[in-house]
Amino acid sequence: MNDNINYKIKSVAKFFAGRSIFMTGGTGFVGKVFVEKLLHSCPEIDKLYMLMREKKGVPIEERLKKMFSLPLYDKLHEMNPSAYKKVIPIIGDTAKKDLGLDPTDRQIIIDNVSIIIHNAANVRFDDSLQHAILNNTRSIRDICILGESMKKLAVLLHVSSTYAHSDIPVVNEIPYKSKVDWRDAINIAENVDDYLLKILTAKYMGTIPNTYIFSKKLAEDVVNYYSNRLPCVICRPSIIISTIVDPIPGWIDNFNGPVGLMVAGGKGILRVTYSNSKKFMDYVPVDYAVRIFILAICIRGQNTIEQHPTTMIYNVSTYNLKKITLEYMINTSLKVNQINPLSNPLWYPHVFIIPYFFLFYVNFMLLHLLPAIVIDQIFKLIGYKPILVKIQRKIYISSVFLSYFTNNSWDFVNKNSLKLLNSISDEDKADYWIDINLVSVEDVLYSGIIGSKKYLLKEEMDIKKNRRGYNRMWYCHIIVKTVFYILCLWFVMRTLIKWI
């Protein structure tokens, strides 16, 4: 437990002033918001070293330049245009041993950095065990080894996940030890043949549902092992969604999580989902999560290892603040979509939530796959590339992989996280205080839909035009349903007449 901790923060900006940061995962969804918040609210940071890898032959400097051209950074451009000079990209890769760092870059980090933020992770649930362990478990070990060489190190933040402990129903803000030794897991991933490891994966993981959860759980073991000599803090966010306030409402850059459901449902592509409608889901806006991360760094940094020789742990969740069932989220998002519909829907938006796999499978074949095959054939005839069957395949795979989470509920206790928010000084409240209780679910979903239209789908914000398309699909939906029921009635009457 995080007992006997000094929870008074005088000034967040002053804590970060003059300090250099080493960050992994800075180009991901959470990382982009994290970087913006640090540069905007802590302008006196010395340097922000970002571990990056060349992607598709694009140099890291070019990737960074492209990232800073996003609308997410418009506010920062206006208020502090020179802030980007503090960001220094460093070539590396968390999937490689020793983070793939060049010896010169490694020494620069050792000599200058006092805060490590490990935010990088491979979040694929269907990833191979070998790849997941190398990315998510070995990487934090190598970061801890790097941290041991740093005389200035004040904080090592590891961003984990509340779902790293989804094998238990109530997740408290305490360390949980895995049944598997993390050293053995890394050794196996480095030396055992990948094909053999794939065969043994299910047995090795036991009750853990996928390789992502397994590797993230082991990663926490690594941090806890080093916590008696490194100032470690773990933040476990739940399901991260688009921004609600900072720096712009509705920012999103991927289709993961509920935004994928909202977009697919709003487009009429998603008709059935394999889920339990009554189970509660825990959603956290990304800007809320990032604020907690920054506050956790401050608290850890002002409490020495001698004062607190174990890992400080914070569940970044909406436990006891906002409890939302999947049914409520889907139905509310569909209602919100009526106000400002997504353009060019393929069908009238309506989603059936089915908790039984066989019924889900039958409905998926009838309502997803068969229409997709027909429409793809039409696309072929008129000269367009068929894409719907491919999309439906992805939807089916996602539904099956996510079913463990959408058919169960967890309680992610967040007492320590709430203590962080209550530790904010009056000086910092404008930058870091968010009262989730005052934020309506409808507003969050509306900003999420608007954000997906703007930043993901690049759609026109022509509400009248979009409503006309929405209404057309409604009439088509009613006509098809009416014809279907008439045919069913005709078939039943015809059968009865034959029997009579």
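## Largest cavity

About 270 Å³ of space lies in the largest cavity of this predicted model. Ile241, Tyr283, Pro285, Ile324 and Val444 are the closest to its centre among the 20 residues of the lining. At least two lining residues come from each of helix H10 (258-266), strand S11 (283-285) and helix H17 (441-456). The greatest share belongs to H17, which supplies four residues.

By class, the lining of the largest cavity comprises 15 nonpolar residues, four polar residues and one charged residue. In total, the model holds three cavities of 30 Å³ or more.

## Second largest cavity

The second largest cavity encloses about 40 Å³ of space. Its lining consists of Leu261, Met262, Gly265, Gly266, Leu270, Ile330, Ser333, Leu334 and Val351. Two elements, H10 and helix H12 (326-339), give two or more residues to this lining. H10 gives the most, with four residues.

Six residues of the lining of the second largest cavity are nonpolar and three are polar, while no charged residue takes part. H10 thus appears in the linings of both cavities: it supplies at least two residues to that of the largest cavity and four to that of the second largest cavity.

## Second largest pocket

Turning to the pockets, the second largest pocket has a volume of about 730 Å³. It is lined by 22 residues, and Arg271, Trp347, Leu366, Leu367 and Val480 lie nearest its centre. Helix H13 (357-381), helix H14 (388-406) and helix H18 (463-499) are the elements that each contribute two or more residues to this lining. With eight residues, H13 gives the most.

The lining of the second largest pocket divides by class into 14 nonpolar, six polar and two charged residues. Arg271, one of the residues nearest the centre of this pocket, belongs to the charged class.

## Packing of H7 and H9

Helix H7 (residues 182-191) packs with helix H9 (residues 211-226) at an angle of about 125°, and the two axes are 9 Å apart. An angle over 115 but not over 145 degrees falls outside the parallel, antiparallel and perpendicular ranges, and H7 and H9 are therefore oblique to each other. The crossing of H7 past H9 is left-handed.

On the H7 side, the contact is made by Trp182, Arg183 and Ala185. On the H9 side, Leu218, Asp221, Val222, Tyr225 and Tyr226 take part. Six residues of this contact are nonpolar and two are charged, with no polar residue present. The charged pair consists of Arg183 of H7 and Asp221 of H9.

Methods: Residues numbered from 1 in each chain as written. Predicted model: local features only at pLDDT ≥ 70, side-chain atom pairs only at ≥ 80, totals over all residues. Heavy atoms only, no water. 1 Å grid on protein atoms, 1.4 Å probe; cavity = no way out; pocket = protein on both sides within 12 Å on 5 of 7 lines; lining within 4 Å. Points joined across faces, edges and corners; volume = space filled by probe spheres on them. Axes fitted to C-alpha atoms, helices over the stretch in contact; angles between N-to-C directions. Parallel < 35°, antiparallel > 145°, perpendicular 65-115°, else oblique. Left-handed = near helix turned anticlockwise from the far one by under 90°. Contact = heavy atoms within 4.5 Å.
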